[in-house]
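Dear colleague,

I am passing a structure on to you, and my notes on its strands and pockets follow below. Please read them alongside the coordinates.

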Amino acid sequence: MKKYWNKLVLLTAALPLLFWGCNKETQFKFDVNSDAYIIRKNIDGEVKSATTFYVYANQSISSATVTPPAGQGEPFHLSRSEESSFTFQKEPSAAEFKSETAAPGLYVFDIESSEGVKVQQVDELEIFNLQVPVITSTTFEPANMALTVKWDSVANADGYVVKLLTKEERAVFTSYSVSPKTTELSINSANGHWSTQIYSGDKIKLNVQAFIFDSDATLVDNIYNIGEIAVAEKEITWGQ
């Protein structure tokens, strides 16, 4: 999504950690970054997509509203993330995934901090038609309690992330992002971080996510400017 900043908005932002190193002159400025992007999944043999929305800030957010492009619906509110009041979001429900991809266009984000500071940003939704990855094999290694995952390469992807999720979609493991040339990863502490413990016999969901950055993203801000994510999903039993 290409960024169009108004005079109220600084430049980049992201997760709160990005801002905590700022100096005394800027540490109280309300910095935000908004992002709208497409998620693609293979659902019952058909690739479907939905749009997700995020706002990250360096201070607590009290509200965030998104106005879609003309003719694409009414304004709607984002919800506070369970992890932090510095992040507001709207992730699509299963029913919101459709065969037709959302039309590209400009989404207006109106954000207000808990201190009453208001910021407006406009983000352009781009369409890349990223292919959904195909998981080719999973091999559990009992000796080191690790799972090796292999998948087919996705054309034009900028990289991949591998996740384990509970049936409630809560994170169990999240890998560090790997290069677009990588098509294999061992799920262990060296390659990512664990959010919770799992045990042999637990039924969990394996995700391989291919991603592409916005066309105007830079090396400085690309991690916070996602263009599309294409997700392969597989139900597995840990330890098998």
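Strands here are DSSP runs of E with at least two residues, numbered from the N terminus. Please also keep in mind that this is a predicted model.

With strands defined in that way, eight of them can be named around the largest pocket, since β2 (32–43), β3 (46–57), β6 (79–80), β7 (87–90), β12 (159–165), β13 (171–175), β16 (203–213) and β17 (226–237) each contribute at least two residues to its lining. The space in this pocket comes to about 2100 Å³, and its lining is made up of 50 residues, among which Tyr37, Tyr54, Glu91, Lys163 and Gln209 lie nearest the centre. Sorted by class, that lining holds 22 nonpolar, 15 polar and 13 charged residues.

The second largest pocket has about 270 Å³ of space, and of the 15 residues that line this second pocket, Thr51, Phe53, Glu96, Ala102 and Tyr107 are the closest to its centre. Strand β3 gives the largest share of the lining of the second largest pocket, namely four residues, and the lining as a whole divides into seven nonpolar, five polar and three charged residues.

As for the fold, the protein chain has 17 strands and zero helices. Nine strands form an open sheet with mixed pairing, in the order β6-β7-β3-β2-β17-β16-β12-β13-β15, and the edges of this sheet are β6 and β15 (192–194), each of which pairs on one side only. In general, the strands of a sheet pair through backbone hydrogen bonds, in either a parallel or an antiparallel sense. Within this sheet, the pairing of β12 with β13 is antiparallel and runs over three bridges, and leucine 165 is found opposite alanine 171 of β13.

Some totals for the protein chain may help when you set up your own calculations. Of its 240 residues, 46% are buried, and the chain exposes about 12700 Å², of which carbon and sulfur atoms supply 51%. Among the contacts with a separation of 6 or more, 64% are between residues 24 or more positions apart.

One question may be useful as you open the file: which strand gives the largest share of the lining of the second largest pocket? That strand is β3, which also supplies at least two residues to the lining of the largest pocket and stands between β7 and β2 in the order of the open sheet.

With best regards

Methods. Residues numbered from 1 in each chain as written. Predicted model: local features only at pLDDT ≥ 70, side-chain atom pairs only at ≥ 80, totals over all residues. Heavy atoms only, no water. 1 Å grid on protein atoms, 1.4 Å probe; cavity = no way out; pocket = protein on both sides within 12 Å on 5 of 7 lines; lining within 4 Å. Points joined across faces, edges and corners; volume = space filled by probe spheres on them. Nonpolar A, V, L, I, M, F, W, Y, C, P; charged D, E, K, R; others polar. Buried < 20%, exposed > 50% of the residue type's maximum accessible area, 1.4 Å probe, protein only. Contact = heavy atoms within 4.5 Å. Areas by Shrake-Rupley, 256 points an atom, 1.4 Å probe, with all protein chains shown as cover. Pairing = 2+ DSSP bridges.
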